[in-house]
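Before reading on, please take a moment to look over the sequence and turn the model in space. The report below begins with the whole chain and then follows a few of its helices.

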Amino acid sequence: MLPIANLNLKDLYQSTFEFFASRSPSFSFSTFSAEDSVSDTSFPLTPRDPTPINLSPDDESASLRDRLDAAERTYSHTTSACNPSFGASAAASTLCSMRREHDATKNELSRTQAEVARWEERYKTLEKTLKETRDLLKVRDQEIQVLKKERERHSPERHRPSSHTDRRRSRDPARHRSDSFQSQHIRLSADWSEIRDDPLSQANGNHRRNGSDPHPDNMSTVSEEERAQSRGLETFLNKIDLWSGAQVIQAVQDLNSEILQFAASATELCTFSKQRPSAAKVTQASSEVATRLGAALSRLLATRDHSQDPMLVQLALQGCISYCISRALSSFCIGYQSKANITLTQIYNHMFHSEPQPTSSRWRALTHKHIHELHPELNEYAINEMTETIFRWSLDIFLISGSTNPQPNPASRENFRARFGAQVKRISKAACRLAQVTKEEIMSANFEVIAADSGQPFDGQEMMDAFEDYRSSDGVVLCTTELGLRCSTRKAMSDTPASEESIDRRILLRPKVVLESVVEVIDPR
């Protein structure tokens, strides 16, 4: 009985090891340790071992699991020993990721520092603007106080009642409640009022006037007129500016940038020839350019060769557009009738020198606003007219400069208009918007867009030389390439006409000019 059982156990031993050996190439008897080979629960190495072994199925399974775990540990150790670069590659990967994180942090820090610098610059600008605004507010408050005092001083003389009426001032609130008043004179100052003591009888809760006062209706009429006058003065005393001085300066600089871009693009696109056609159109164009920009610049354009360096043509384009815009902005209302514009400009100039600053500014704003309300199409008409003028003047400059593209024929000129139509219209819209801002939205001062006249002597206090880095700034002005800005404010508050000393004029942005000596810089022969 026993030999048969021993034989079956040996067959099970052999079949089990053969099964694991076939499934795992790393599994072999050689991987077992010496301790495992001499354990108490080990099987005989050969089936010829006659020693009887009595093992339960659970013990046999546990022994097999122990041997399998030992084989896996040995295989893992062998694999690690065969691959020594595994740890180094892991360290290199970690170092690479740390470097990437470090670079990302440095980039983020640089962006943050640039953002902080930009915000600091903006903060300084806003702080400067705030200081200017506070100074203006102080000046306004002083002007309003002076106006109030003058109104209080002159009002009793203009509105003095009949000699038989008894008038007196009362500051006691109890007297105001106990005594009914006949008339109340509206004042700019709210801390005092004038009332008249007149005995009134009360019956059934109604106030009836005493028959002893022969002028009750007249006094009531005067009171209503003064109320209406006071409401009207509130509008004129309002000096709130919707735009600051810094914003107006920035608008003028943006307009100058648009002009420069158009002049550079148009000059780069055009081609020039040394030969000039001796046609009547050229002679007429030269005469018109001389009228706008001066005879010196017109002669330089007509006689010099621009085929190699058209810089002088570009400067002339900037000059003609700057002159066109400054002339348009000097009128009272762009696009309005010429005779009416002249009359309105004379009225405003006279009012500016004879009335307080808020009065003349408010009149200018209301007049300009109501002109556009009466003529809604005026703004679009002004933009189209300015665009057409800029194109016509620019083509005259190209014609006398010997341009072969665009040519004098209508087809070539229409192609030029189509190519730069949107850019020139953008310049016209910016100029009209600037006119609306300076005429309607600024009450504390009078802003003027200025340009230097051709042939005027150079003055470093009022203008800037565009080529001052290349030579000394002396001589006469050839043309204006960038517009400037001037601010005028009347300091006198009385009704007497103002003198030049009482008007504060400041140049906020100097116009940039080109002198006649620029030819030596552009083409030194």
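## The chain as a whole

In this predicted model, 35% of the 525 residues of the protein count as buried. The protein holds 15 helices and 12 strands. If one takes the contacts in the protein with a separation of 6 or more, 76% of them are accounted for by residues 24 or more positions apart.

## Helix α8 and its buried face

Helix α8 covers residues 280-293, and its 14 residues reach 20 Å from the first C-alpha to the last, which is close to the 20 Å expected at 1.5 Å a residue. Which residues of α8 are buried? They are Val282, Ala285, Ser286, Val289, Arg292 and Leu293. Seen down the axis of α8, these buried residues fall within an arc of 130°, so they line one face of the helix. It helps to recall that an α-helix has 3.6 residues a turn, so residues three or four places apart point the same way. On the other side of α8, Ala280, Thr283 and Thr291 are exposed.

The cover over the buried residues of α8 includes the helices α9, α10 and α13 (378-400), together with the strand β9 (477-482). Just after α8 comes Gly294, which takes a positive phi of about 105°.

## How α9 meets α10

Two of the elements that cover α8 also pack against each other: helix α9 (residues 295-303) and helix α10 (residues 311-329) do so at an angle of about 145°, with their axes 10 Å apart. The crossing in which α9 passes α10 is left-handed. On the side of α9 the contact is made by Leu297, Leu300 and Leu301, while α10 contributes Leu312, Val313 and Ala316. Sorted by class, this contact has 6 nonpolar residues, no polar ones and no charged ones.

## Helix α13 and what follows

Another element that covers α8 is α13. At 1.5 Å a residue, the 23 residues of α13 should span 33 Å, and this agrees with its end C-alpha atoms, which are 33 Å apart. Thr389 has its place in α13; is it buried or exposed? Because its relative accessibility is 11%, and buried means under 20%, Thr389 counts as buried.

After α13 comes Gly402, whose phi is positive, near 85°. Further along, Pro406 is found in the loop between β6 (403-405) and α14 (410-440), and the peptide bond that leads from Asn405 to Pro406 is cis, with omega near 10°. As background, most residues other than glycine have a negative phi, and most peptide bonds are trans.

## Pairs separated in sequence

Leu130 is found in helix α4 (residues 85-158), and at 42% relative accessibility Leu130 counts as partly exposed. The table sets out the separation of Leu130 from Ser244 and of Thr389 from Ile325, in sequence and in space.

| Pair | Apart in sequence | C-alpha to C-alpha |
|---|---|---|
| Leu130 and Ser244 | 114 residues | 9.8 Å |
| Thr389 and Ile325 | 64 residues | 10.0 Å |

Terms used: Residues are numbered from 1 along each chain as its sequence is written. This is a predicted model: local features need pLDDT of at least 70, side-chain atom pairs count only at pLDDT 80 or more; totals for chains, interfaces and linings use all residues. Side-chain values use heavy atoms; hydrogens and water are left out. Axes are lines fitted to C-alpha atoms, for helices over the stretch in contact, and angles run from 0 to 180 degrees between N-to-C directions. Helices (H or I, at least four residues) and strands (E, at least two) are DSSP runs, numbered from the N terminus. A crossing is left-handed if the near helix is turned anticlockwise from the far one by less than a right angle, and right-handed if clockwise. Contact means heavy atoms within 4.5 Å. Ala, Val, Leu, Ile, Met, Phe, Trp, Tyr, Cys and Pro count as nonpolar, Asp, Glu, Lys and Arg as charged, and the others, Gly among them, as polar. The expected span of a helix is 1.5 Å times one less than its number of residues. Buried means under 20% relative accessible area, exposed over 50%, partly exposed in between (1.4 Å probe, protein chains only). The arc is that of the directions from the helix axis to the C-beta atoms.
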